[in-house]
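User: I am new to this structure and would like a close look at a single part of it. Please choose one helix and follow what surrounds it, then move outward from there.

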Amino acid sequence: MSEKKRIGILGSTGSIGCNALDLIAHHPEKFSLEYITAGKNCDLLIAQALTHRPKHVVIQDETQFQKLKEALAPYDIKVHAGNEMIVAITSHEVDLTVAAIVGVAGLRPMINALKYSQAVAIANKEPLVAAGDLVMACAKKYNAKILPIDSEHNAIFQVFEEHNRASIARLVLTASGGPFRVWTKDHIQNATREDALNHPNWKMGPKITIDSATLVNKALELIEAHYLFQMPHDKIDVVIHPQSIIHSLVEYEDGSYLAQMGAADMRTPLAYALAWPQRMQTSGQRLDLLRMPTLSFEDVDHEKFPSLNLARECLKAGQGACITFNAANEVAVDAFLKGKITFPMISHLIEKALQNQNLMQVSDLDAILEYDKTVRTQVQTYIM
Ligand code: MG
């Protein structure tokens with residue numbers, strides 16, 4: 001391993017990618033940037049390349065290749081474009097890959113990164129949901145460490161005593177409850193895009209913010225936790241914790257609860273993953289213990305938010321159902337953000353897709369992506 005940790009970032013222009021670059025820039029003595037990739041946001045990618053000077057830059061949208069190339073021509077930065085190059089760039093050996101491409105689109109590059117990277121810090125939960133067994137098997141086969149960035153899983157990772165695995169009674173994922181926690185079921189029927197995008201605690205990208213409003217985010221996290229920590233779903237509980245201060249807990253058989261606390265600032269779990277197995281200083285928000293709000297906990301209202309129970313059903317049914325759940329949600333959220341469907345239609349579409357799925361064996365990457373595509377096409381027909 002070189003003196004500095006070599007970093008690759010998949011999805012540098014999203015909220016996680018921007019925060020990761022910011023943290024890395026504050027510790028030039030610790031990190032060197034090998035590559036960054038983005039989907040369509042060419043202007044931001046150019047700005048990031050000029051500020052952070054990675055060795056390689058990849059834009060998925062090939063129509064913007066020329067623009068990227070011209071902007072970076074005077075510098076010693078290699079420029080690439082296209083889906084295949086986003087996968088190929090992960091064949092560069094790095095110490096840590098930050099996987100932050102939204103949605104199942106991040107699956108193929110993540111799998112390849114597991115082969116060539118010492119560790120992969122996973123911010124996007126969809127690949128784990130759609131291909132949990134495959135991702136975990138690849139990590140084992142190629143001896144890559146998986147570091148969760150999702151705040152709940154990062155919290156559990158910090159307090160999970162692997163040597164006491166048999167003594168773990170349960171994992172408890174906390175959920176803020178999203179913007180509609182105190183809304184009535186009727187009121188939620190008429191929620192607008194703006195209402196749903198108004199998250200009370202976390203500032204995140206649009207897809208995950210909508211997922212927080214439906215609580216699908218927590219449902220995906222339940223599946224994510226099942227695979228990451230290899231725990232059965234009935235040993236994973238969810239509680240609403242509106243203050244988002246305790247990020248999750250592990251309960252042990254002796255009655256001890258180990259929790260991780262912190263401000264609702266993604267820079268903390270990100271810094272943990274970047275510095276692991278050490279820790280590093282960040283300029284992220286701090287908790288003021290003396291001025292902290294009272295911490296409260298509530299049960300989930302499954303009537304209003306059916307997605308958590310659906311996720312448990314999917315885990316019982318197998319990988320195909322998890323793929324269906326995730327793909328239907330991605331299509332539905334996209335349609336909602338474009339104003340094509342109402343808010344309650346998101347969970348209706350997921351339920352409909354699950355009812356109509358024909359469960360097949362899906363284990364290898366191509367079969368997973370093919371199945372994912374079939375579900376998406378099917379759910380599109382429900383919308384039109
Ligand atoms: Mg989370």
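Analyst: What follows starts at helix 6 and then turns to other parts of the model.

The model is a predicted one. Helix 6 covers residues 126-141. With 16 residues at 1.5 Å each, this helix should span 22 Å, and its end C-alpha atoms are 21 Å apart, which agrees. Even so, helix 6 bends by about 100° at Gly132.

Is helix 6 enclosed or open? Twelve of its 16 residues are buried, so helix 6 is largely enclosed by the rest of the structure. The buried residues include Glu126, Pro127, Leu128, Val129, Ala130 and Ala131. Gly132, where the bend is found, is buried as well. Further along helix 6, Leu134, Val135, Met136, Cys138 and Ala139 are also buried.

After helix 6 comes Asn143, with a positive phi near 55°. Asn143 has this positive phi although it is not a glycine. Its place is in the loop between helix 6 and strand 7, residues 145-148. Asn143 has a relative accessibility of 67% and therefore counts as exposed, whereas Gly132 in helix 6 is buried.

A second residue has a positive phi without being a glycine: Arg53, at about 50°. Arg53 is in the loop between helix 2 (42-52) and strand 3 (56-59). With 46% relative accessibility, Arg53 counts as partly exposed.

What touches helix 6 from elsewhere in the chain? One residue that does so is Leu228, whose contacts include Leu128 and Met136; both of these are among the buried residues of helix 6. Leu228 belongs to helix 11, residues 216-229. Leu228 also touches Ile146, Pro148 and His153, when residues up to four places away in sequence are not counted. Its relative accessibility is 12%, so Leu228 counts as buried. Leu228 and Lys145 are 83 residues apart along the chain, and their C-alpha atoms are separated by 11 Å.

His153, touched by Leu228, falls within the range of helix 7, residues 151-159. Helix 7 also holds Phe157, and this leads to the aromatic rings. A search of the whole structure finds five aromatic pairs. In one of them, the rings of Phe157 and Tyr272 have their centres 6.2 Å apart and their planes at 80°, so the pair is edge-to-face. Phe157 is in helix 7 and Tyr272 in helix 12, so the pair ties together parts that are 115 residues apart in sequence. Phe157 counts as buried at 18% relative accessibility, and Tyr272 counts as buried at 14%.

Another edge-to-face pair is formed by Phe336 and Phe343, with ring centres 5.6 Å apart and planes at 70°. Phe336 and Phe343 are buried. Ring pairs link these two with Phe180 and Trp183 into a cluster. A ring also takes part in a contact of another kind: Lys352 lies over the face of Tyr382, at 4.3 Å from the ring centre.

Helix 12, which holds Tyr272, covers residues 267-275, and the loop between strand 11 (257-261) and helix 12 contains Met266. Met266 is buried, with a relative accessible area of 14%. Leaving out residues up to four places away in sequence, Met266 touches Ile16, Asn19, Ile149, Ser151 and Trp202. Met266 and Val331 are 65 residues apart in sequence, and their C-alpha atoms are 26 Å apart in space. On the other side of helix 12, Pro277 is found in the loop between helix 12 and helix 13 (307-317). A cis peptide bond joins Trp276 and Pro277, with omega at about 5°.

Two further places complete this account. Ser212 lies in helix 10, residues 206-214, and is buried, with a relative accessible area of 8%. Its contacts, apart from neighbours within four places in sequence, are Gly177, Gly178, His199, Met204 and Asn217.

The other place is strand 9, residues 236-240, where Ile236, Val238 and Ile240 make up the covered face, and Asp237 and Val239 the uncovered one. In a regular strand the side chains alternate between the two faces of the sheet. Strand 9 runs parallel to strand 8 (residues 168-175), and five bridges join the two. Leu171 stands opposite Ile236, and Ile236 belongs to the covered face of strand 9.

Key
Residues are numbered from 1 along each chain as its sequence is written. Side-chain values use heavy atoms; hydrogens and water are left out. Buried means under 20% relative accessible area, exposed over 50%, partly exposed in between (1.4 Å probe, protein chains only). Helices (H or I, at least four residues) and strands (E, at least two) are DSSP runs, numbered from the N terminus. Two strands pair if DSSP finds at least two bridges between them. Contact means heavy atoms within 4.5 Å. The expected span of a helix is 1.5 Å times one less than its number of residues. The bend at a residue is the angle between axes fitted to the seven residues ending there and the seven starting there. Rings of Phe, Tyr and Trp (its six-membered ring) pair if their centres lie within 6.5 Å; planes under 30 degrees apart count as stacked, over 60 as edge-to-face and the rest as tilted. A charge sits over a ring if NZ of Lys or CZ of Arg is within 6 Å of the ring centre and within 35 degrees of the ring normal.
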